[in-house]
Amino acid sequence: FIELMREIIDIYPNVQGWIIGQPVEDEPEVENELINQIRLLNLKGKVSLLGFQPNTAKILRRSSIFVLPSLSEGTPNVVLEAMSFGIPVVATNVGGLQGIIQDEENGFLCDKNDKEGFVKIILQLLNNPIYNKAIGQKGYEYIINNHSPAIVNRYFDELIKNLMGYK
């Protein structure tokens, strides 16, 4: 993400990047590595490590693009959260993300380590606010149609009935 931001900020100097999440106990060196990378790429003040955030909604409301360049994932709730705010998601095509994001319809999927692909898509979204809004809206519609409380309740009702042998 930090390397992506270097390329983006060269073109859009007012863009800010935020990394959210607390350090992982079994990888204590990661935070220092990120701080060093930010410093080496001259991104201090442009890319910030926000740590654990109990209320990501505040940050998502201030965001225009959500980027998740993970090398592995399950089905990250944070992608669903971003989509529920109408924010276009650009993510690595790993884990359960292909079950959520239909590439170029309600978000974007890039191959692992495809820095150029990420940068190209992010620049497209920054260059075209109407396109950005349209992709975000499609993501929002996906959430309403597939992950709203009513849909989830219906799914669990059906699951319980099937488990109990009711038809």
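Thr92 has a relative accessibility of 1%, so this residue counts as buried. The cut-off for buried is under 20% relative accessible area. The model behind this value is predicted.

Where does Thr92 lie? Its place is strand 4, which covers residues 89-92. Leaving aside residues up to four places away in sequence, Thr92 touches Leu68, Pro69 and Ser70. Leu97, Leu109, Cys110, Asp111, Lys112 and Phe118 are also among the residues that Thr92 touches.

**The whole protein**

Now step back to the full chain. The protein has 167 residues, and 32% of them count as buried. Thr92 is one of the buried residues. The C-alpha trace spans about 60 × 40 × 30 Å along its principal axes.

Seven helices and five strands make up the list of elements. Read from the N terminus, their order is α-β-α-β-α-β-α-β-β-α-α-α. The chain therefore begins with a helix and ends with three helices, counting elements in that DSSP order.

Contacts link distant parts of the sequence. Take the contacts in the protein with a separation of 6 or more: 57% of them join residues 24 or more positions apart.

**The surface**

The accessible surface comes to about 10500 Å². Carbon and sulfur atoms hold 52% of that area. Charges are counted too: the protein has 15 positive and 20 negative ones. The mean positions of these two sets are 8 Å apart.

Which residues gather in a patch of negative charge on the surface? They are Glu25, Asp26, Glu27, Glu29 and Glu33. Glu29 sits in the loop between strand 1 (17-20) and helix 2 (30-40). Its relative accessibility is 40%, so Glu29 counts as partly exposed.

A nonpolar patch also lies on the surface. Tyr155, Leu159, Ile160, Leu163, Met164 and Tyr166 form this patch. Together they have about 670 Å² of accessible area. Leu159, one of the six names above, belongs to helix 7, residues 149-164. Why does Leu159 count as partly exposed? Its relative accessibility is 32%, and partly exposed covers the range between under 20% and over 50%.

**Three residues side by side**

| Residue | Place | Relative accessibility | Class |
|---|---|---|---|
| Thr92 | strand 4 (residues 89-92) | 1% | buried |
| Glu29 | loop between strand 1 (17-20) and helix 2 (30-40) | 40% | partly exposed |
| Leu159 | helix 7 (residues 149-164) | 32% | partly exposed |

Note on methods
Residues numbered from 1 in each chain as written. Predicted model: local features only at pLDDT ≥ 70, side-chain atom pairs only at ≥ 80, totals over all residues. Heavy atoms only, no water. Patch = residues over 30% accessible without salt bridge, like charges linked within 9 Å, V, L, I, M, F, W, Y side chains within 5 Å. Areas by Shrake-Rupley, 256 points an atom, 1.4 Å probe, with all protein chains shown as cover. Salt bridge = Lys/Arg side-chain N within 4 Å of Asp/Glu carboxyl O. Helix = DSSP H or I, 4+ residues; strand = E, 2+ residues; numbered from the N terminus. Buried < 20%, exposed > 50% of the residue type's maximum accessible area, 1.4 Å probe, protein only. Contact = heavy atoms within 4.5 Å. Lys, Arg positive; Asp, Glu negative; His and termini not counted. Charge placed at Lys NZ, Arg CZ, Asp CG, Glu CD.
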